Amino acid sequence: MSEQRKYAFEWDSVIGDMNVARPELGPTTRVEVYRLFQFALRDELEKQYGTEKTDELFRAAGVLAGENFYKKFCSKCTSVSELAKTLQELFKEMGIGILRVEKSDLDKLAFTLTVDEDLDCSGMPDTNDVICVYDEGFIQGILQSFTGKGFFVRETDCWCTGERTCRFTATPI
């Protein structure tokens with residue numbers, strides 16, 4: 001018998017109707033509040049499970065989020081260019097960041113993407129570490145959902161490494 005999960009992700013039960021839930025405040029909040037949640041959770045997980053496991057969990061959560069984001073907003077895209085345009089518009093509209101496709105090899109389905117003003121890290125101090133592992137998973141989940149193939153996505157440059165943009169490579173596996 002499988003264990004019933006208390007927090008299984010389902011878009012409608014988690015996101016809800018913002019017109020009903022927040023009729024005056026609407027669907028937005030400040031970056032500080034998002035980062036307060038993310039980095040407090042990350043700190044607690046890292047204390048209990050270590051950095052490697054914490055990154056693994058954040059990446060896996062990003063994949064789940066990316067898959068659901070794709071289903072909700074991008075599932076009607078029929079080409080890579082249409083997906084890229086849709087994602088650029090949504091990232092900007094939702095305040096995730098300013099997405100650009102820096103390189104693409106459509107034959108190999110290999111991409112280099114940049115995200116300026118990234119929600120997760122822009123403005124943070126230099127640490128010499130790429131930190132956007134949730135974003136890696138998010139991009140991975142979107143690409144896997146669109147192509148039906150597995151992807152390996154890693155951040156190669158980050159605001160926190162002094163680059164002032166987040167750069168991700170995505171290759172099929």
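How much area does the chain expose, and what share of it do carbon and sulfur atoms supply? The chain exposes about 11100 Å², and 53% of that comes from carbon and sulfur atoms. Keep in mind as you look around that this is a predicted model.

**The overall fold**

Let's start with the layout. The chain contains six helices and four strands. Read from the N terminus, the elements follow the order α-α-α-α-α-β-β-α-β-β. With a radius of gyration of 17 Å, close to the 16 Å that the globule rule gives for 173 residues, the chain is as compact as a globular protein of that length. Its C-alpha trace spans about 45 × 40 × 40 Å along the principal axes.

What about the inside? Of the 173 residues in the chain, 35% are buried. Among contacts with a separation of 6 or more, 55% are between residues 24 or more positions apart.

Charge is another way to view the chain: there are 21 positive and 30 negative side chains. The centres of these two sets lie 2 Å apart.

**Aromatic rings**

Now for the rings, where there is plenty to look at. A pair of aromatic rings is described by the distance of the centres and the angle of the planes. The structure holds seven aromatic pairs. One of them joins Tyr70 and Phe146: the ring centres are 6.4 Å apart and the planes stand at 70°, so this pair is edge-to-face. Tyr70 belongs to helix H4 (residues 51-74) and Phe146 to helix H6 (residues 133-147), so the pair ties together parts that are 76 residues apart in sequence.

You can also find an aromatic cluster in the model, formed by Phe9, Trp11, Phe69, Phe73, Phe91, Tyr134 and Phe138.

**Two residues of helix H4**

Is Tyr70 buried or exposed? Its relative accessibility is 9%, so Tyr70 counts as buried, the cut-off being under 20%. Lys72 also has its place in helix H4, and its relative accessible area of 44% makes this residue partly exposed. The table sets the two side by side.

| Residue | Relative accessible area | Status |
|---|---|---|
| Tyr70 | 9% | buried |
| Lys72 | 44% | partly exposed |

Which residues does Lys72 touch, leaving aside its neighbours within four places in sequence? Lys72 is in contact with Trp11 and Asp12. Lys72 and Trp11 are 61 residues apart along the chain, and their C-alpha atoms are separated by 8.2 Å. Trp11 is also one of the residues in the aromatic cluster described above.

Conventions:
Residues are numbered from 1 along each chain as its sequence is written. This is a predicted model: local features need pLDDT of at least 70, side-chain atom pairs count only at pLDDT 80 or more; totals for chains, interfaces and linings use all residues. Side-chain values use heavy atoms; hydrogens and water are left out. Helices (H or I, at least four residues) and strands (E, at least two) are DSSP runs, numbered from the N terminus. The radius of gyration is taken over C-alpha atoms; the globule rule is 2.2 Å times the number of residues to the power 0.38. Buried means under 20% relative accessible area, exposed over 50%, partly exposed in between (1.4 Å probe, protein chains only). Contact means heavy atoms within 4.5 Å. Accessible areas come from the Shrake-Rupley method with a 1.4 Å probe; for residues, only the protein chains shown count as cover. Lys and Arg count as positive and Asp and Glu as negative; His and the chain ends are not counted. The place of a charge is taken as NZ of Lys, CZ of Arg, CG of Asp or CD of Glu. Rings of Phe, Tyr and Trp (its six-membered ring) pair if their centres lie within 6.5 Å; planes under 30 degrees apart count as stacked, over 60 as edge-to-face and the rest as tilted.
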